[in-house]
Amino acid sequence: MKIEFCLITAAVIAAILISPIITQAGSRSHPLSEDAALDLLQRTLKRDRVYEKRISLDCIAYGTEETTNAYFEFVLREIHNTKCAGDPETSPAIDRYRVYRRSSKIQQWEAAEDKWQPYKARQTK
């Protein structure tokens, strides 16, 4: 009886320790949808206050420029209207980002270097 109790206890403890690993692995097996990728990008930029000193988040429009099996590529553009000011005939690009479907990693286009870089939180843009 004691051996059975020990075996059952060990199995329960093992299941408790392994379940978070299985849950985490399972969440990556479902790639992000476009809406989920955009939501992740918006939450990240807001959390890191990337544009806080440059432009209100209410004056930024998000557009999907490219969709692949690996990632979504988004362009952020200035909104020009009475609230946000600027010429309403233009909508200059602010930045471009890629959000990877499986890993949820974000990359940012660095125009000066002409290449994609891993996203790093910056508050000075």
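A disulfide, defined as a pair of cysteine sulfur atoms within 2.5 Å, joins C59 to C84 with an S to S distance of 2.0 Å. By this rule the count comes to one disulfide. A disulfide is a covalent bond between the sulfur atoms of two cysteines. With -85° about the S-S bond, the link of C59 and C84 is left-handed. C59 lies in the loop between α2 and β1 and C84 in the loop between β2 and β3, so the pair ties together parts that are 25 residues apart in sequence. Both C59 and C84 are buried, where buried means under 20% relative accessible area, exposed means over 50%, and partly exposed lies in between (1.4 Å probe, protein chains only).

The model is predicted: local features need pLDDT of at least 70, side-chain atom pairs count only at pLDDT 80 or more, and totals for chains, interfaces and linings use all residues. Residues are numbered from 1 along each chain as its sequence is written, and side-chain values use heavy atoms, with hydrogens and water left out.

**Overall arrangement**

The chain has two helices and five strands. Helices (H or I, at least four residues) and strands (E, at least two) are DSSP runs, numbered from the N terminus. Read from the N terminus on, the order of the elements is α-α-β-β-β-β-β. Of the 125 residues in the chain, 26% are buried. Among contacts (heavy atoms within 4.5 Å) with a separation of 6 or more, 46% come from residues 24 or more positions apart.

**Helix α2 and the nonpolar core**

A nonpolar core is a set of buried Ala, Val, Leu, Ile, Met, Phe, Trp, Tyr and Cys residues joined through side-chain atoms within 4.5 Å. The largest one holds 19 residues, of which L41, L45, Y51, L76, Y97, V99 and I106 touch the most other members. Two or more residues of this core come from each of α2 (34–48), β2 (71–78) and β3 (93–100). The greatest contribution is that of α2, with four residues.

The expected span of a helix is 1.5 Å times one less than its number of residues. For the 15 residues of α2 this gives 21 Å, and the end C-alpha atoms are 21 Å apart, which agrees. The buried residues of α2 are A37, L40, L41, T44, L45 and D48. Seen down the axis of α2, these buried residues fall within an arc of 125°, so they line one face of the helix; the arc is that of the directions from the helix axis to the C-beta atoms. An α-helix has 3.6 residues a turn, so residues three or four places apart point the same way. On the other side of α2, D35, K46 and R47 are exposed. The buried residues of the helix pack against β1 (60–67), β2, β3 and β4 (106–110).

**Strand pairing**

Two strands pair if DSSP finds at least two bridges between them. Strands β2 and β3 do so in the antiparallel sense over seven bridges, and F74 stands opposite Y97 in β3. Strands β3 and β4 also run antiparallel, joined by three bridges; here Y97 stands opposite Q108 in β4. Y97 is also among the core residues that touch the most other members. A hairpin is formed by β3 and β4, with five residues between them.

**Positive phi values**

Most residues other than glycine have a negative phi, and most peptide bonds are trans. The residues below take positive values.

| Residue | Phi | Place |
|---|---|---|
| R49 | about 50° | just after α2 |
| S104 | about 65° | turn between β3 and β4 |
| A85 | about 65° | loop between β2 and β3 |
| D114 | near 55° | loop between β4 and β5 (115–118) |

At 43% relative accessibility, A85 counts as partly exposed. D114 is exposed, with a relative accessible area of 55%.

**The segment after β5**

K120 is found in the segment after β5. With a relative accessible area of 57%, K120 is exposed. K120 and I106 are 14 residues apart in sequence and 8.8 Å apart in space, C-alpha to C-alpha. I106 is itself one of the core residues that touch the most other members.
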